[in-house]
Amino acid sequence: MKITILSFLVGSQIFFTAFNLVNLWAEVQYARGNVLAAVTIHPWSWRYQFKAGALFLRAGRHDLAVEPLTVAWKLFPGYWDAGNNLAVALVGVGKKQEAVSVLREIIHYWPHEMAMRNLERINAN
C-alpha cells in the first residue's frame, strides 16, 4: 500500500479532529465539576490529574490521591504544587522517604517555601 502525502494529511486531520473532540468533551465534564469523568476521558492531562488528586486529598483519601498526583507530577514536573501535594499524599500513606525525595526535587529546582516547610515537618517527625 502506497501512502501519499494527501492520504497522510487526511489521516492526520481525522486523528487531530478526534483528539480535539475528546479534549472538548473532557473540558465540558471538567467545567461541570465532574473531574473524575474528565480524567477518565483525557487521562494525559496533568491539570485533570492534579485536580482529581487535590479533591481526594481534601476528602482525606491519601491512598486515592497518590496515583493522579504522581501522574500529574510526571506529566508536568515543573508544577511544584503537584509535587508538593504528592508529597503530602505519600506521607499520608506512610511513604515518608518517597515524599522526602519529591520535596527535595522541588526544592532543588524551585526553592518554594511551602515545600521547604513540608520537608522540615517530615524531618521533625
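This section describes the helical layout, the nonpolar cores, one central helix environment and the charged pairs of a predicted model.

The chain comprises 7 helices and 0 strands, and its order along the sequence reads α-α-α-α-α-α-α. Of its 125 residues, 31% count as buried. The exposed surface of the chain amounts to about 8000 Å², of which carbon and sulfur atoms supply 63%. When contacts between residues at least 6 apart in sequence are considered, 33% of them join residues at least 24 apart.

In soluble globular proteins, nonpolar side chains tend to be buried together. The largest nonpolar core in the model contains 20 residues, and the members touching the most other members are Leu69, Leu86, Val102 and Leu103. At least two residues of this core come from each of helix H3 (46-58), helix H4 (62-75), helix H5 (80-92), helix H6 (96-109) and helix H7 (113-124). Apart from this core lies another, of 6 residues, among them Ala26, Val35, Ala38 and Tyr48. The surroundings of Leu103 were examined further, leaving aside neighbours within four places in sequence; Leu103 is then in contact with Asn84, Ala87, Ala115, Asn118, Leu119 and Ile122.

Helix H5 was considered in detail. For its 13 residues, a rise of 1.5 Å a residue gives an expected span of 18 Å, and the end C-alpha atoms are 18 Å apart, so the two values agree. The buried residues of H5 are Ala82, Gly83, Asn84, Asn85, Leu86, Ala87, Ala89 and Leu90. Their cover includes H3, H4, H6 and H7. Two of these buried residues, Asn84 and Ala87, appear among the contacts of Leu103, and Leu86 is one of the core members that touch the most others. After H5 comes Gly94, which has a positive phi near 85°.

The loop between helix H2 (35-41) and H3 contains Ser45. Ser45 has a relative accessible area of 10% and is therefore buried, since the cut-off is under 20%. A polar atom of the Ser45 side chain lies 3.3 Å from the backbone nitrogen of Tyr48, and Tyr48 belongs to the core of 6 residues.

Side chains of opposite charge can pair when their charged atoms come close. The structure holds 3 salt bridges. In one of them, the side chains of Arg47 and Glu27 meet with an N to O distance of 2.0 Å. This pair links distant parts of the chain, as Arg47 lies in helix H3 and Glu27 in helix H1 (residues 5-31), 20 residues apart. Arg47 is partly exposed at a relative accessible area of 31%, and Glu27 is likewise partly exposed, at 30%.

Another salt bridge joins the side chains of Asp63 and Arg61, at 2.7 Å from N to O. Asp63 is partly exposed, with a relative accessible area of 43%, and Arg61 counts as partly exposed at 38%.

A further salt bridge is formed by Glu113 and Arg117, whose closest N and O atoms are 3.9 Å apart. Both residues lie in helix H7, 4 residues apart, or about one turn of the helix. Glu113 has a relative accessibility of 54% and so counts as exposed, the cut-off being over 50%. Arg117, at 37%, counts as partly exposed.

Technical notes:
Residues numbered from 1 in each chain as written. Predicted model: local features only at pLDDT ≥ 70, side-chain atom pairs only at ≥ 80, totals over all residues. Heavy atoms only, no water. Core = buried A, V, L, I, M, F, W, Y, C linked by side-chain atoms within 4.5 Å. Buried < 20%, exposed > 50% of the residue type's maximum accessible area, 1.4 Å probe, protein only. Contact = heavy atoms within 4.5 Å. Areas by Shrake-Rupley, 256 points an atom, 1.4 Å probe, with all protein chains shown as cover. Polar contact = N/O pair within 3.5 Å; in protein donor to acceptor, adjacent residues only side chain to side chain. Expected span 1.5 Å × (residues − 1). Salt bridge = Lys/Arg side-chain N within 4 Å of Asp/Glu carboxyl O.
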